[in-house]
Amino acid sequence: MPHDHSDHDHPHALLPPEPALRVKALETLLTAKGLIDPAALDEIIDTYENRIGPRNGAEVVARAWSDPDFRTALLEDATAVVAEMGFFGRQGEHMVAVENTDEVHNIVVCTLCSCYPWPLLGIPPGWYKSDAYRARVVREPRKVLAEFGVDLPEETAVRVWDSTAEVRYLVIPQRPAGSDGMDVAALADLVTRDSMIGTGLAKAP
Amino acid sequence: MTRVHDMGGRFGDGAVTPEGEDVVFHADWHRRALALTLATGTLGKWNIDVSRHARECLAPTDYMRFSYYEKWIAGVADMLVARGVVSREELSGEAAPTPSPLAEKALKAPQVAGVLARGGPADRPSDVTPLFAPGDAVVTRKQPENSIVPGGHTRLPAYAAGASGRVLRLHGTHVLPDSNAHDLGEAPEPLYAVAFPASELWAHPEHPRDEVVLDLWQSYLEAP
């Protein structure tokens, strides 16, 4: 049945117009039908609100900065390497790590929806899902970077990764100057979420 | 153009507004919308490509006026009815809800961690031989449309249609969304990361050495 979503018949219009009420109505209906368990919803929310977030990715980046063998393995097969650290699952099934250098600065987007490496970075921020970011960062990445306060040197090329498949990308930002001798935990504090999407740089120590 | 969601390269959107890491959800109903979408997905009545297509099939006026999680909820509601899981009358409140034969599949709290940890890998064995290798020049399909189903789901953005690039890497063989979104089978085939010079995509690139990389299935590509 190739045409299972008619263009002119949208049942969602039967729900109440106000968004919070729409969700409530749908949850109430599905609970009454036995199709969802509100306690399972609570568990999903707790997972992504409190347990899985960008500190996971920061731990990976800090190790990559500290351990050349780990960095090499991460660039070779990120899925396997981050899985060993306990980071795997939904929206992180196929991971690729890309490294920023003086020559190349990487930025990640999903122009078609909002694909994002959940196990390493959590739920994407509002701006990542916004029309403005999706529309603009592929065409004018440097203008978008300026809106994040990032100004790249002229000699650095920008490579924008549009996540059009089930592969999810993690940017390894450049290790900041003055961070020599810091341990992995201290380094992880310098790694921001935005630096792992490519719209930011790691913090200076 | 394919559909309204395909907005890469569009002119006219305003500035991007950064936000802090401490904000995960902006409203309580956003939390519920995300969790409800994930939980209904485990009923097994649709796959991720079907759910993306459901959101993309929203009327352009709805797609543009709905906030992010409103799109998700609308997509779920449309799929629940299309797949016969709920009736239109139940959705509108005209009829009392009846127990569902799918209830035994409902996700329970103790199962959540395992389900999220398993995720949904998209790599599959395939008998389609890779035609390209890293370094090869390729050209994308001229039309950014599903070649199997008219108006169907595809993951070739309009801005990269008919463009010349070079293969950066082969990701292996992955489920083809153009087929899987329409219950036509997973049809796995080689998936590549392909780099395009910004000057190939845009009349006025910001920088001569900038590039855009897309993940593209073999059937989206031709040798130049």
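# A tour of pockets and cavities

Our starting point is A:Gln91, which sits in the loop between helix 5 (78-84) and strand 1 (94-99) of chain A. Select this residue first, and keep in mind that you are looking at a predicted model. The phi angle of A:Gln91 is near 65 degrees, a positive value in a residue other than glycine. Is A:Gln91 buried or exposed? Its relative accessibility is 8%, so A:Gln91 counts as buried, the cut-off being under 20%.

**Stop 1: the domains of chain A**

Now colour chain A by domain. The domain assignment gives domain 1 as residues 15-50 and domain 2 as residues 54-197. How far apart do the C-alpha centres of domain 1 and domain 2 of chain A lie? They are 31 Å apart.

**Stop 2: an overview of chain B**

Next, select chain B and switch to a cartoon view. You can look for eight helices and five strands here. Follow the chain along its sequence and the pattern reads α-α-α-α-α-α-β-β-α-β-α-β-β. The C-alpha atoms of chain B fill a box of roughly 60 × 45 × 35 Å along the principal axes.

Try a surface view of chain B as well. Its accessible surface comes to about 9,500 Å², and 54% of that belongs to carbon and sulfur atoms. Chain B has 224 residues, of which 52% count as buried. What about contacts between residues at least 6 apart in the sequence of chain B? Of these, 67% join residues at least 24 apart.

**Stop 3: the largest pocket**

Keep both chains on screen for this one. The largest pocket holds about 860 Å³ of space. Which residues should you select to find its centre? Among the 39 residues of the lining, the closest to the centre are A:Arg90, A:Gln91, B:Asn47, B:Ile48 and B:Gly120. You will recognise A:Gln91 in that list from the start of the tour.

Then highlight these elements of chain B: helix 1 (28-41), helix 2 (48-56), helix 4 (68-82), helix 6 (109-118) and helix 7 (177-180). They are the elements that give two or more residues to the lining of the largest pocket. Helix 2 of chain B has the largest share, with five residues. Colour the lining by residue class, and there are 18 nonpolar, twelve polar and nine charged residues.

**Stop 4: the second largest pocket**

Move on to the second largest pocket, with about 270 Å³ of space. Select A:Gly126, A:Lys129, B:Ser67, B:Tyr68 and B:Tyr69, which are the closest to its centre among the 16 lining residues. Which elements give two or more residues to this lining? They are helix 7 (131-136) of chain A, along with helix 3 (60-65) and helix 4 of chain B. Helix 4 of chain B gives the most, three residues. By class, the lining of the second largest pocket divides into seven nonpolar, five polar and four charged residues.

**Stop 5: the two cavities**

How many cavities of 30 Å³ or more does the structure hold? There are two. A cavity is a space where a 1.4 Å probe fits but cannot get out, so you may want to hide the surface or slice through it here.

The largest cavity has a volume of about 130 Å³. From chain A, select A:Leu112, A:Cys113, A:Ser114 and A:Arg134. From chain B, add B:His5, B:Arg52, B:Arg55, B:Glu56, B:Tyr63, B:Tyr68, B:Lys71 and B:Trp72 to complete the lining. Helix 2 and helix 4 of chain B each supply at least two residues of this lining. Its residues divide into five nonpolar, two polar and five charged.

About 50 Å³ of space lies in the second largest cavity. Its lining takes A:Val138, A:Arg139, A:Pro141 and A:Val160 from chain A, and B:Ala198, B:Trp202, B:Glu206, B:Asp210, B:Glu211 and B:Val212 from chain B. Colour these by class and you get six nonpolar, no polar and four charged residues.

**Last stop: B:Asp183**

Finish in the loop between helix 7 and strand 3 (189-197) of chain B, where you will find B:Asp183. B:Asp183 is not a glycine, yet it has a positive phi of about 55 degrees. Its relative accessibility is 38%, so B:Asp183 counts as partly exposed, whereas A:Gln91 from our starting point counts as buried.

How values were computed. Residues numbered from 1 in each chain as written. Chains lettered and ligands numbered in written order. Predicted model: local features only at pLDDT ≥ 70, side-chain atom pairs only at ≥ 80, totals over all residues. Heavy atoms only, no water. Domains from an automatic or database assignment. 1 Å grid on protein atoms, 1.4 Å probe; cavity = no way out; pocket = protein on both sides within 12 Å on 5 of 7 lines; lining within 4 Å. Points joined across faces, edges and corners; volume = space filled by probe spheres on them. Helix = DSSP H or I, 4+ residues; strand = E, 2+ residues; numbered from the N terminus. Nonpolar A, V, L, I, M, F, W, Y, C, P; charged D, E, K, R; others polar. Buried < 20%, exposed > 50% of the residue type's maximum accessible area, 1.4 Å probe, protein only. Contact = heavy atoms within 4.5 Å. Areas by Shrake-Rupley, 256 points an atom, 1.4 Å probe, with all protein chains shown as cover.
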